[in-house]
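Student: Could we go through the disulfides of this model together, step by step?
Tutor: Gladly; please have the sequence and the coordinates open while we talk.

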Amino acid sequence: MLAKPTLLVLAVGLLLATGLAWKHLSPTPLSAAAPAELQAPNPAPLPPPRSANSAAATTDPHSTKLIRQFPVLKERAELGDVKSQRLLADVYDACRTAKADPADFLERHATTPFLSAENTDELSLALAHARVDDCSVVDEGGFPTWQLIREWYAKAADKGDLAARIRDLAAEYSVGPPLDADEANQLLEDVIASQDPAAIYAYGEKTGGPLTRNIGKDRSFLVEDRSADRVWRLAACRMGYDCSPQSMMYSNLCLQEGACAYGDYEQVLRSGGMTEAERNQLEPRTQALLKLLQGTL
């Protein structure tokens, strides 16, 4: 929570002024590298488990494939590690449909319904096969129910994990009325104050839904248009969230959102579902949000 909300209001006012100038800015080419200070570092591997029988839990400590780290991840979550509890819920959520009926999952991803770029059907099916294979290590023959996923998010949220709280709130408010204005604005302030890439990414996934519907008009431009989710997620990636081609989030773009394309995470986000004007504004909007999140605006 911000100690001085008035400073946030001033900062958002400045960001709005920046937003009015976005249409006058030229887009950054896809090939242009992000400034060094905004480039995401290599994700750190999970520390080894702490229990006496840790040798029984096998994982590649250098792998960025989070699902393949499931045995260690679950062990650490059961021992009370907050981040592992949230990541365990993320893994269960990613594997839920793949484990429910693997054959049906593969059949549904044999084609890409939303994008028609060359060879994306092959990419979609390849990612689906990889997801089924990765998820085979998740509770072996067990099936992660939505109730189990919610329980792990709730455990992490109760211990202060903001990303877990966002995902748990999104599930809680998926039916019925949205967050009221006070709660919605407070959540936005919490995310901005956190400087937590995981929370920023999770919040980006939920823009335009029940968690952001009652954001005040002076800040609604941050969350309500069609490109807001992409802007928040790109900002999170540049602040350190793992969006590498080996990451679970990268595969989720295709397997959960139908955004199948070759390239890095940003190229996939730019590849479809946007007007040319929205695509041109993506980079300046991301830079402006980064300045707000990093306290330099």
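Student: If the bonded cysteines of the chain are numbered in sequence order, what is the pairing?
Tutor: This is a predicted model, and a search of the whole structure finds 3 disulfides in it. The links join Cys95 to Cys135, Cys237 to Cys243, and Cys254 to Cys260. With the bonded cysteines numbered in sequence order, the pairing is therefore 1-2, 3-4, 5-6.

Student: How many residues apart in sequence are the parts that Cys95 and Cys135 tie together?
Tutor: The sulfur atoms of Cys95 and Cys135 are joined at an S to S distance of 2.0 Å. Cys95 belongs to helix 3, which covers residues 82-100, while Cys135 belongs to helix 5, which covers residues 120-135, so the disulfide ties together parts whose separation in sequence is 40 residues.

Student: Is the disulfide of Cys95 and Cys135 left-handed or right-handed?
Tutor: The handedness follows from the torsion about the S-S bond, which for Cys95 and Cys135 is about -80 degrees. Because of that torsion, the disulfide is left-handed.

Student: What is the handedness of the link of Cys254 and Cys260?
Tutor: The sulfur atoms of Cys254 and Cys260 lie 1.6 Å apart in the model. The torsion about their S-S bond is 70 degrees, and the link is right-handed.

Student: Does Cys254 count as buried or exposed?
Tutor: The cut-off for buried is under 20% relative accessible area. Cys254 has a relative accessibility of 4%, so Cys254 counts as buried.

Notes
Residues are numbered from 1 along each chain as its sequence is written. This is a predicted model: local features need pLDDT of at least 70, side-chain atom pairs count only at pLDDT 80 or more; totals for chains, interfaces and linings use all residues. Side-chain values use heavy atoms; hydrogens and water are left out. A disulfide is a pair of cysteine sulfur atoms within 2.5 Å. Helices (H or I, at least four residues) and strands (E, at least two) are DSSP runs, numbered from the N terminus. Buried means under 20% relative accessible area, exposed over 50%, partly exposed in between (1.4 Å probe, protein chains only).
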